[in-house]
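Hello,

Here is the structure I promised to pass on. Please have a look at it first, and then read my notes underneath.

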Amino acid sequence: MTGSGHIFEDSALALKMAERAHLLAGRIGRPVSLMEVCGTHTMSIARAGLRRLLPRNMKLLSGPGCPVCVTPPGVIDGILSVARTPGVIITAFGDMLKVRGACASLEDCRRSGAQVQIIYSAQDALETARQNPRNRVVFAGAGFETTTPSAALAVMQARDEKLENFSVYPAFKLVPPALRALLENKTELDGFLLPGHVSSVIGLAPYSFVAGEFKKPCVVAGFEALDILHAVNLLLEQILAGEPKVENAYPRAVRAQGNPEATRVTNAVFTAATARWRAIGDIPLSGLAFRPDWSAFDARTVFEISEPDTPEPPGCLCGAVITGRAAPSDCPLFRTACTPADAKGPCMVSSEGACAAWYRYGDPL
């Protein structure tokens, strides 16, 4: 089915699922707010026009599932300090180049002469270190549980190969502690669409507190529009039944136990530590720090970085957007002072950001 922004592989099935959502939401008979935690879900929902298809008493809110969006500006400024160090090559995913700290981005640094390279994996960063032995190569490591195993593996390989010019600037985040922080902050949410990629690594057990302690339904969802519609209906069924639980609607990629080997590799190099999230602040055990045995690969230690407490961009509502307290269109900068060509906040910068999704595919309201 195409038209009105809707794109589905099986239009008849999509319509049937949408009708089911309307039926369930009608039976619930009150406003329902669901949060998609993953930035890839955010982009899929916008691309398919799902918000226009779903019941009027139901909202899909974007959550803290975009790694660039949750990286606070002080961390960006710390990475910029390393980038300005003579002889350093910074390697980063493309979206990280555009997000600003206090007054500059990695892209600005590159224009000023800093060596900044776009990579697609931690292995690319490691290869850059191999090919540039006279430079110190730093991987700007922003990402969730899906990124950390490959980063840990790259560090292990660097030690085995005695590559002393490679290090990682750890800005990694963990999803379950962020969900706890949202729920403890009394956020008015009725359920969560859980990220498929992250869940393929950590499995289902780390989310059990959401349903058990906070009584909120949650469903792991795939990334096709039909996957998301299916997961939405499962959430509505849980709400209607009053029986919150953790369901897996993405069994073709997610196993209940996750990927134990990926978890083992991550835990061999990193340990959970307090991390600062944009707009949320410090969350205990929500980030990853190097274990003492691996500190020689910690760019913060190697370059003796002390991150500043950089304020948010004036007028920017990205913090409220990633915590489900505002829609992109609520921001006074959206589509005016803040556009993809001149982004003020990370939600407009990132290809997984809620503001970028709304800008590209249209405001659903």
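Below are some notes on one strand and one helix residue.

This is a predicted model, in which local features need pLDDT of at least 70 and side-chain atom pairs count only at pLDDT 80 or more, while totals for chains, interfaces and linings use all residues. Residues are numbered from 1 along each chain as its sequence is written, and side-chain values use heavy atoms, with hydrogens and water left out.

Let me start with strand β1, residues 32–36. (Helices, H or I with at least four residues, and strands, E with at least two, are DSSP runs numbered from the N terminus.) Five of the five residues in β1 are buried, so the strand is largely enclosed by the rest of the structure. Buried here means under 20% relative accessible area, exposed means over 50%, and partly exposed is in between, with a 1.4 Å probe and protein chains only. Both faces are covered, with V32, L34 and E36 on one side and S33 and M35 on the other.

Which strands pair with β1? Strand β2 (residues 58–62) does so in the parallel sense, over five bridges, and V32 is opposite M58 there. Strand β7 (residues 191–195) is also parallel to β1, with three bridges, and L34 faces G191. Pairing requires at least two bridges found by DSSP between two strands.

Now to M17, in helix α1 (residues 11–28). M17 is buried, with a relative accessible area of 14%. Beyond its neighbours within four places in sequence, M17 contacts (heavy atoms within 4.5 Å) L226, L229, H230 and N233. M17 and L226 are 209 residues apart along the chain, yet their C-alpha atoms are separated by 8.1 Å.

Best wishes
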